[in-house]
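Please open the structure in your viewer and keep the selection tool to hand. The tour below moves from one selection to the next and says what is there at each stop.

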Amino acid sequence: MQTGGGITMGRHVTVNRLEIPKMTRSALNNTYKCQASNTKLVPPAERSIRVDMLLKPLSAALSSKPKQLISNQEYVLACNVAGSVPETDIKWMQNNRPFTKGKIKLINNSSMVSSVLTFRPHPDDDGTILKCEGSNPRLQNSVLEDSVIMNVLYPPQVTLSLGSTLNPDDIKEGDDVYFECHIKANPREHRITWSHDVSTTGRGSALTHRLTTLRSPQPRQLGTVFRATALK
C-alpha cells in the first residue's frame, strides 16, 4: 500500500490518499482505518471502511456422476458452487434447456452454495446431458459448469405395426404379410420372440431381427393375434 503526503485543501483541511493497486479477492471484508492527530493531549480521530466486492465463482462441481441410472428410481445430486460474492445463482439444465423434472433445495453456508436436486430419471432422459451452472447474477461472463451424461437403464418398450408398405385394407388370401416390431431399450434387447395366438410362430413364418413375415395367410387366420416379445 502506498500513501501520499498530506495535501492541503484549504485552511485547516488536509487530504491523505491510500492507493491499493490490483485489489484481489483476498481483500474482501478487509477494514482500513484512517487516523489523524495533531496533539498528544487527546486521542487520534479515527474513521474506518470495510471493503465489499463483486466476485465470480471459483468452482462449480457435481457431488457425484453416476455411471448408470435406473428408470423411475429416485436419485439425489448436489451442485456445489464456491467463491461467488455476494450472490450465487445455480441452474440445472438438460441439453441446454431448463431441467424441470425434479425438486430443488438450496443450502447456503459461508463458503459455498449447494443446489440439491432430487429426481427420477425416465427412459427419454437416456443419453442426455444433465448440467449445473453456477454464476454471480451481478457479473457478466461468470458462469462455471459441470455436467454428466445420463445413462438410464430401462426395460424394453415395444410397439408392433403392420409393414409400412402394406395397405391394411387390401390384404388378400395368398398375399405375404409382414409385421415390424419397434423396440427401445437400454441395455439393448438380446432376444426377440414372435408369437401367434400365444404359440410361437412356426412353419410358414420367416423371422428376422425385428421383422416377421407371414407367408400366404389363410382365412382361418383372420382376426388372430400376433405378439412380439423383447428380452434384455
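**First stop: a parallel pair and its neighbour**

Begin by selecting residues 69-70, strand β8, together with residues 152-162, strand β16, which run parallel and are joined by two bridges. Within this pairing, L69 has V152 of β16 as its bridge partner. Strands here are DSSP runs (E, at least two residues), as helices are (H or I, at least four residues), and both are numbered from the N terminus; two strands pair if DSSP finds at least two bridges between them. Strands of a sheet pair through backbone hydrogen bonds, either parallel or antiparallel.

Keep β16 selected and add residues 177-186, strand β17, which pairs with β16 in the antiparallel sense over seven bridges. To find one of these bridges, pick Q157, whose partner in β17 is K184.

**A note on the model and the overall view**

What you are looking at is a predicted model, in which local features need pLDDT of at least 70 and side-chain atom pairs count only at pLDDT 80 or more, while totals for chains, interfaces and linings use all residues. Residues are numbered from 1 along each chain as its sequence is written, and side-chain values use heavy atoms, with hydrogens and water left out.

Now show the whole protein, which has 22 strands and zero helices. Of its 232 residues, 30% count as buried, where buried means under 20% relative accessible area, exposed means over 50% and partly exposed lies in between (1.4 Å probe, protein chains only). The accessible surface comes to about 16,000 Å², and 51% of this surface belongs to carbon and sulfur atoms; the areas come from the Shrake-Rupley method with a 1.4 Å probe. Among contacts with a separation of 6 or more, 57% are between residues 24 or more positions apart, a contact being heavy atoms within 4.5 Å.

**Second stop: a sheet of four strands**

Select β7, β9, β13 and β12, which in this order form an open sheet of four strands with antiparallel pairing. The edges are β7 (59-62) and β12 (103-108), each of which pairs on one side only. From one strand to the next the twist averages 15°, with axes taken as lines fitted to C-alpha atoms and angles between N-to-C directions running from 0 to 180 degrees.

Narrow the selection to β9 (residues 75-82) and β13 (residues 112-119), an antiparallel pair with eight bridges. One of the bridges to look for joins A82 to M112 in β13.

**Third stop: the aromatic rings**

Which residues are linked into a cluster by ring pairs? Select Y75, F99 and F119, the members of that cluster. A search of the whole structure finds two aromatic pairs, counted when ring centres of Phe, Tyr or Trp (its six-membered ring) lie within 6.5 Å; planes under 30 degrees apart are stacked, over 60 edge-to-face and the rest tilted.

The rings of Y75 and F119 have centres 6.4 Å apart and planes at 40°, so this pair is tilted. The pair links distant parts of the chain, with Y75 in β9 and F119 in β13, 44 residues apart. F99 and F119 form an edge-to-face pair, 5.7 Å centre to centre with 90° between the planes. Here F99 lies in the loop between β11 (97-98) and β12, 20 residues from F119 in β13.

Is F99 buried or exposed? F99 counts as buried because its relative accessibility is 7%, and F119 counts as buried at 3%. Y75 is buried as well.

**Fourth stop: two buried loop residues**

Move to N136, in the loop between β14 (129-135) and β15 (144-149), where this residue is buried with a relative accessible area of 1%. Leaving aside neighbours within four places in sequence, the contacts of N136 include L54, P86, S84 and S142.

Next pick S84, in the loop between β9 and β10 (89-94), which is buried with a relative accessible area of 11%. Beyond residues up to four places away in sequence, S84 touches L55, K56, P57, S135 and N136. The side chain of S84 also reaches the backbone oxygen of E87 at 2.5 Å.

**Last stop: a hardly covered strand**

Finish with β6 (residues 45-50), a hardly covered strand in which the count of buried residues among its six residues is zero. Add β5 (residues 31-36), which pairs with β6 in the antiparallel sense over six bridges; Q35 has E46 of β6 as its bridge partner.

Technical notes. A polar contact is a pair of N or O atoms within 3.5 Å; within protein, one must be able to donate a hydrogen and the other to accept it, and residues adjacent in sequence count only if both atoms are side-chain atoms.
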